[in-house]
Amino acid sequence: MTDVAPSPTAAELDAISVQQLRAAGGVKWTAYPGTIGAFVAEMDFGFPPRVAEVLEAALRSRSLGYLPPVEHRALQEATVAWVDRTSGWRVPADRVHPVPDVLTALRETIRRFTAPGSAVIVPTPAYMPFLTVPGAADREVVQVPSRVDADGRYTLDLGAVDAAFAAGAGLLVLCNPWNPVGRVLTREELLAVADVVERHGGRVFADEIHAPLVLDDVPHVPYASLDARTAGHTVTALAASKGWNVPGLKCAQMILSGDADAAAFAPYAADLATTVGLLGARAATTVYTDDGGWLAGVVDYLRGSRDQLEALVAEHLPGAVLSRLEGTYIAWLDCRGLGLPGPAAAFFRREAGVGLTDGNACGAGGEGFIRMVMATPRPILRRAVEQMGAAVARLRTTAG
Ligand SMILES: Cc1ncc(COP(=O)(O)O)c(C=O)c1O
């Protein structure tokens, strides 16, 4: 893929072609050959040149060993500095535990901080692995379908979350910004969650991996930063992997803001630290410290793509409802009004050549929906929606 300048311009991102993306060989463009890949949360925009410098420097040095303590510390400090700079949340650096990925942080949270036999509450629609990871850790999942209005705007059903805690659940998985429905939850909404959790002595796993990707002019508020209650009952997970597009480098950060949690976790921390790769840690330290403006350029582009997608859906897929994408680059589209035969993603893969995730995979309330990763050059996004619209039009002609 062509290297972009430190802060990529829209023209540079627009110019990235399907051929280049296929040649790059990522999962998004190879899993379903011949289709436009829009199902996995990766961006088609490469990664910051500063990350490339980190990787090239490692090659030159001929040194690829374990993460040295000094770099482990540098990552902790860079993480807390970034969190402070972007949200005003101050956390001591030793509360940051590098882990290979956010799902490892979820597994650790379930294992170390929930009682055997207690269920895990997952508001739906949800990021797909939230529905399966707890089961693999011997915990039942309680799906709590969220409320949605006619415009496709989702809010948590706190009454149902309350009932699930009352029935014995121990942990709430809170994803904000919310994959797949695109909401950035407000401080008021988060405070209302905190009231429910505290009432039951419950816990929260706050997945904030998409925090760098807020598109609307709203703040991302880290849930644990709200007050002493939320700091005490929350494990937060972050990563550079979505915002700076480096999930293959396998480095995320788990933040233990509660004093009791930090003490309880101490015996396991050293082992966990050995699971993180040197290059992922260096890349995260670099972008959290100074990414050269790359993220700002990409978020600006995504904002324009979101607006373009809204117009494209209105033009080519009338009857579908697109949820407003306040954050993330994952669009959530209600296709129930399109009269499709069978699951929507299968229809669009077969008839439109676009690879999407079916809403069914996102849990209760996802039937008839699709999840579309729109972080692709705008000409490709346009082509994808045009092909989807043409497939629906053909269906209508055949049916008529
Ligand atoms: C909300 C959310 N959490 C976690 C992940 C996975 O992150 P990781 O690869 O760090 O486990 C993703 C990836 O798309 C995601 O969207």
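Let's start at helix H8 (residues 158-166), where Gly 159 and Ala 166 are exposed on one side. This is a predicted model, and H8 is a friendly place to enter it. Turn to the other side of the helix, and you find Val 161, Asp 162, Ala 164 and Phe 165, which are buried. These four cover an arc of only 160° around the axis, which puts them on the same side of H8. What lies over them? The cover includes strands S3 (120-124), S4 (141-145), S7 (171-175) and S8, together with helix H9 (187-199).

Those strands lead us into the sheet. Seven strands form an open sheet with mixed pairing, and their order reads S2-S10-S9-S8-S7-S3-S4. Its edges are S2 (96-99) and S4, each of which pairs on one side only. On average, neighbouring strands are turned by 25° against each other, direction ignored. As a general reminder, strands of a sheet pair through backbone hydrogen bonds, in either a parallel or an antiparallel way.

Within this sheet, S3 and S7 pair in the parallel sense over two bridges, and Val 120 stands opposite Leu 171 in S7. Helix H9, which we met as part of the cover of H8, packs on the sheet and touches S7 and S8; its direction makes about 170° with that of S7.

Next, follow the order of the sheet to S9 (residues 234-239). Is this strand enclosed or open to the outside? Six of its six residues are buried, so S9 is largely enclosed by the rest of the structure. Thr 234, Thr 236 and Leu 238 point one way, while Val 235, Ala 237 and Ala 239 point the other way, and all are buried.

The two neighbours of S9 pair with it in opposite senses: S8 (residues 203-207) is parallel to S9, with four bridges, whereas S10 (residues 252-256) runs antiparallel and is joined to S9 by five bridges. On the S8 side, Asp 207 has Ala 237 of S9 as its bridge partner. On the S10 side, Val 235 is partnered by Leu 256.

Our last stop is a pair of helices. H14 (residues 344-352) and H15 (residues 378-399) pack at an angle of about 95°, with their axes 9 Å apart. That angle makes H14 roughly perpendicular to H15. From H14, the contact involves Phe 347, Phe 348, Glu 351 and Ala 352, which meet Gln 387, Met 388, Ala 391, Val 392, Arg 394 and Leu 395 in H15. By type, the contact residues divide into seven nonpolar, one polar and two charged.

Note on methods
Residues numbered from 1 in each chain as written. Predicted model: local features only at pLDDT ≥ 70, side-chain atom pairs only at ≥ 80, totals over all residues. Heavy atoms only, no water. Buried < 20%, exposed > 50% of the residue type's maximum accessible area, 1.4 Å probe, protein only. Pairing = 2+ DSSP bridges. Axes fitted to C-alpha atoms, helices over the stretch in contact; angles between N-to-C directions. Parallel < 35°, antiparallel > 145°, perpendicular 65-115°, else oblique. Contact = heavy atoms within 4.5 Å. Nonpolar A, V, L, I, M, F, W, Y, C, P; charged D, E, K, R; others polar. Arc of directions from axis to C-beta.
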